[in-house]
Amino acid sequence: MQLNKKYTKWGYIFSIPFIIAFLIFHFWPLASTFYYSFCYLKHAGNTNPEFLPLIGKPLFKNFTEILSSVSFKDAFKNTVFFFIASFIPEWILAFWLAATITDRRLRIKGRAIYKTAFFFPKLVEGTTVSVGGHLLSGIATFVGMTAAAFAMDGFGIMPEDLEFFMSVKFFIIALTVFMHFGITFIYVIAGITGIPVEVFEAAEIDGANRVQTFFRITLPCMKPMLFFITVVTIVDGLGMNEIPSYFGAFDTFRRNLTLMMYMQNQAFLGSYAYDRASAASVLLLLMFVAIAAVVYYILLYDKDEAKLRKAKRAERKAMKKGA
């Protein structure tokens with residue numbers, strides 16, 4: 001016992017650098033963001049935040065201004081659109097490839113090469129965004145020329161029919177899928193390989209085909225990992241910034257403004273409105289928490305266990321009253 005106590009203290013000592021770094025680089029900025037969201041701090045060079053109630057203004061003034069702002073509403077709509085349009089093909093690709101590669105009946109060789117190849121675009125993110133943007137521009141030119149050729153050849157396809165595939169929105173969606181499906185693919189593989197092999201063997205013996213195995217065995221057994229993948233996808237999707245910012249130079253009217261770009265514009269471009277940027281950050285955080293809670297309730301919340309706990313509490317209360 002004395003020896004264990006002697007060595008236990010080193011665990012706390014080794015954790016001190018992490019605790020200090022967390023307090024300085026995570027907790028303090030987060031606390032400052034919450035405080036600034038209820039302050040007046042809207043001028044360049046103004047480093048003295050004033051708490052709104054102390055200067056006679058409503059406590060939630062920054063939040064009401066943001067929610068009534070046209071640019072914030074447009075940024076919210078664009079973010080939701082990009083998120084839905086990108087995560088659906090991303091999940092289809094990631095889950096399909098992961099289920100195919102881990103299928104015991106196919107026995108695909110070189111699985112490590114596939115994992116590395118699909119994850120590589122995320123690993124060199126900056127280069128991928130730049131090269132991918134130029135590549136997509138070339139593809140758009142090719143699509144336009146092909147549509148014109150089809151129209152001239154009598155197929156009836158006009159360039160206007162493929163206008164979306166030559167737009168900035170399509171570039172953002174395609175590049176987002178290309179960038180992020182690799183890491184989702186790795187997560188799905190981790191979830192599938194964490195399922196005991198005996199479960200899949202039992203499904204094969206019972207005559208389940210691949211589709212039945214995937215939807216009735218694989219997905220239900222990887223619910224904890226599925227919850228993690230969903231939350232990570234939501235955070236990446238609603239917080240997307242790099243790819244829309246790359247195409248921002250070609251977007252004169254800011255039609256592709258996202259929530260992260262809106263916060264950056266408020267904080268750093270011209271007005272230095274850190275209070276409004278902080279309020280937008282708090283709203284985005286609340287969105288993350290609300291969506292994560294819904295996803296947790298759908299995937300991980302056990303209703304039967306909750307009912308059992310309520311029944312046990314009611315039973316204990318009845319026993320105390322009887323005593």
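These are my notebook entries on a surface patch, a pocket and a cavity in this structure.

**Entry 1: the model.** I noted before anything else that this is a predicted model.

**Entry 2: the nonpolar patch.** I looked up which residues make a nonpolar patch on the surface. Trp10, Ile13, Phe14, Ile16, Phe18, Ile19, Ile20, Phe22, Leu23, Ile24, Phe25 and Phe27 make one of about 1300 Å². I picked Ile24 from this group for a closer look. Ile24 has its place in helix α1, which covers residues 2-36. Is Ile24 buried, partly exposed or exposed? Its relative accessibility is 47%, so I put Ile24 down as partly exposed. The class runs from 20% to 50%, because buried means under 20% and exposed means over 50%.

**Entry 3: the largest pocket.** I then turned to the pockets. The largest has a volume of about 500 Å³. I found 22 residues in its lining, and Ala99, Thr100, Thr102, Asp103 and Thr218 are the closest to its centre. Which helices each supply at least two residues of this lining? I wrote down α3 (70-101), α6 (168-193), α7 (197-205) and α8 (210-221). Helix α8 gives the largest share, with six residues. Sorted by class, the lining of the largest pocket holds eleven nonpolar, five polar and six charged residues.

**Entry 4: Phe200.** I looked up Phe200, which lies in helix α7. Phe200 counts as buried because its relative accessibility is 13%, and the limit for buried is under 20%. I also checked Phe200 against Thr218, a residue listed above among the closest to the centre of the largest pocket. The two are 18 residues apart along the chain, and their C-alpha atoms are separated by 8.4 Å.

**Entry 5: the cavities.** How many cavities of 30 Å³ or more are there? I counted two. The largest cavity holds about 110 Å³ of space. Its lining has 15 residues, and the closest to its centre are Glu90, His180, Thr233, Asp236 and Gly237. Helices α3, α6 and α9 (223-238) each give two or more residues to this lining. By class I recorded seven nonpolar, six polar and two charged residues in the lining of the largest cavity.

**Entry 6: looking back.** I compared my notes on the two linings. Helices α3 and α6 appear among the contributors to the largest pocket, and α3 and α6 are also named for the largest cavity.

How values were computed
Residues numbered from 1 in each chain as written. Predicted model: local features only at pLDDT ≥ 70, side-chain atom pairs only at ≥ 80, totals over all residues. Heavy atoms only, no water. Patch = residues over 30% accessible without salt bridge, like charges linked within 9 Å, V, L, I, M, F, W, Y side chains within 5 Å. Areas by Shrake-Rupley, 256 points an atom, 1.4 Å probe, with all protein chains shown as cover. Salt bridge = Lys/Arg side-chain N within 4 Å of Asp/Glu carboxyl O. Helix = DSSP H or I, 4+ residues; strand = E, 2+ residues; numbered from the N terminus. Buried < 20%, exposed > 50% of the residue type's maximum accessible area, 1.4 Å probe, protein only. 1 Å grid on protein atoms, 1.4 Å probe; cavity = no way out; pocket = protein on both sides within 12 Å on 5 of 7 lines; lining within 4 Å. Points joined across faces, edges and corners; volume = space filled by probe spheres on them. Nonpolar A, V, L, I, M, F, W, Y, C, P; charged D, E, K, R; others polar.
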